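Q: I would like a close look at a single part of this protein, with enough of its surroundings to place it. Please keep the account plain.

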Amino acid sequence: MYGRSYQGKELNFEPSGGLLHASLVMQDKETSSYWAIMTGDSLAGPFQGTALDELPLGEKATWADWKARYPHTTVLSVEGEEHVQNNPYDNYFASEKGFRGSTAEDDRLPTKEPIFAFFHDDKPRAIVLAGVAGGAIVRLGERDLFLHRPAGAPLFRSTAAHLGDRGSFSQRDGAWHHGDQAFDPASGRFSGEVERLEGFDTFWFNFSETHPKVKILRPEKG
């Protein structure tokens, strides 16, 4: 998720119809600048070279999880259609190849390997999602990054990512903690405020094609 305010303007984004390495390029209605979601900057237009303001607030969820958390949610529809019977993405997700049959040039990971992607010290980093099922810790210099996905979670479930001081995350009695704050796997939150990391779930080919020098980090179980 990205912020909408840039140089005193509040921008409204929409798909431009263009792609960069099979990843969406947005266009704002106010200046017609083009914004690449995978690189995080403007490619062309008055805001060219401006970096997107990434917010650690985006969350993916299945309808079942969302409705359990917010049972009175109002569902918006387009011309009365509230769902799609035949999901056009089913075949895409089932395939080992990327967009329109593409494959990753970087073969350190399979083309469609799901990863958590982020930047540390302005350098691209990737962590394989399978390694953080049930919770794991990644060392980032003098800090620790805690990542969690429920075992067997669908691809549409967001990875929880929190930052803390070295040694601040621990696993006790089968549960993760940040000091005295317990982690709730259902909500992906701690019982108190813990810093969240800006990052996102994607496929290996999407991120590695855009960031060829990405470093793969190995998580540690607590």
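Q: In what order do the four strands of the open sheet with mixed pairing stand?

A: The model is a predicted one, and the order in that open sheet is β16-β7-β8-β17, with mixed pairing. The edge positions belong to β16 (200–203) and β17 (215–216); each has a single partner strand, so one side of each is left without a neighbour in the sheet. In general, the strands of a sheet pair through backbone hydrogen bonds, and the pairing may be parallel or antiparallel.

At the β17 edge, the partner is β8, which covers residues 123–128. Two bridges join β8 to β17, and these strands run parallel. Within this pair, Arg-125 stands opposite Lys-215 of β17.

A second open sheet of four strands gives a useful contrast: its order is β12-β13-β14-β15, and its pairing is antiparallel. Here β12 (169–172) and β15 (189–190) are the edge strands, each with a single partner, so one side of each is left without a neighbour in the sheet. The strand β13, made of residues 175–178, runs antiparallel to β12 and is joined to it by four bridges. Across this pairing, Ser-170 stands opposite His-177 in β13.

Another antiparallel pair is formed by β3 (residues 13–20) and β4 (residues 23–28), with six bridges between them. Leu-19 has Leu-24 of β4 as its bridge partner. The two strands make a hairpin with two residues between them, and His-21 in the turn has a positive phi of about 50 degrees.

These strands belong to a protein chain with 17 strands and three helices. Along the principal axes, its C-alpha atoms fill a box of roughly 50 × 45 × 40 Å. The radius of gyration is 19 Å, which agrees with the value near 17 Å for a compact globule of 222 residues. Of those 222 residues, 36% count as buried. Among contacts between residues at least 6 apart in sequence, 49% join residues at least 24 apart.

As for the surface, the protein chain exposes about 13300 Å², and carbon and sulfur atoms supply 50% of that area. The chain carries 24 positive and 32 negative side chains, with the centres of the two sets 3 Å apart.

Key. Residues numbered from 1 in each chain as written. Predicted model: local features only at pLDDT ≥ 70, side-chain atom pairs only at ≥ 80, totals over all residues. Heavy atoms only, no water. Pairing = 2+ DSSP bridges. Rg over C-alpha atoms; globule rule 2.2 N^0.38 Å. Buried < 20%, exposed > 50% of the residue type's maximum accessible area, 1.4 Å probe, protein only. Contact = heavy atoms within 4.5 Å. Areas by Shrake-Rupley, 256 points an atom, 1.4 Å probe, with all protein chains shown as cover. Lys, Arg positive; Asp, Glu negative; His and termini not counted. Charge placed at Lys NZ, Arg CZ, Asp CG, Glu CD.
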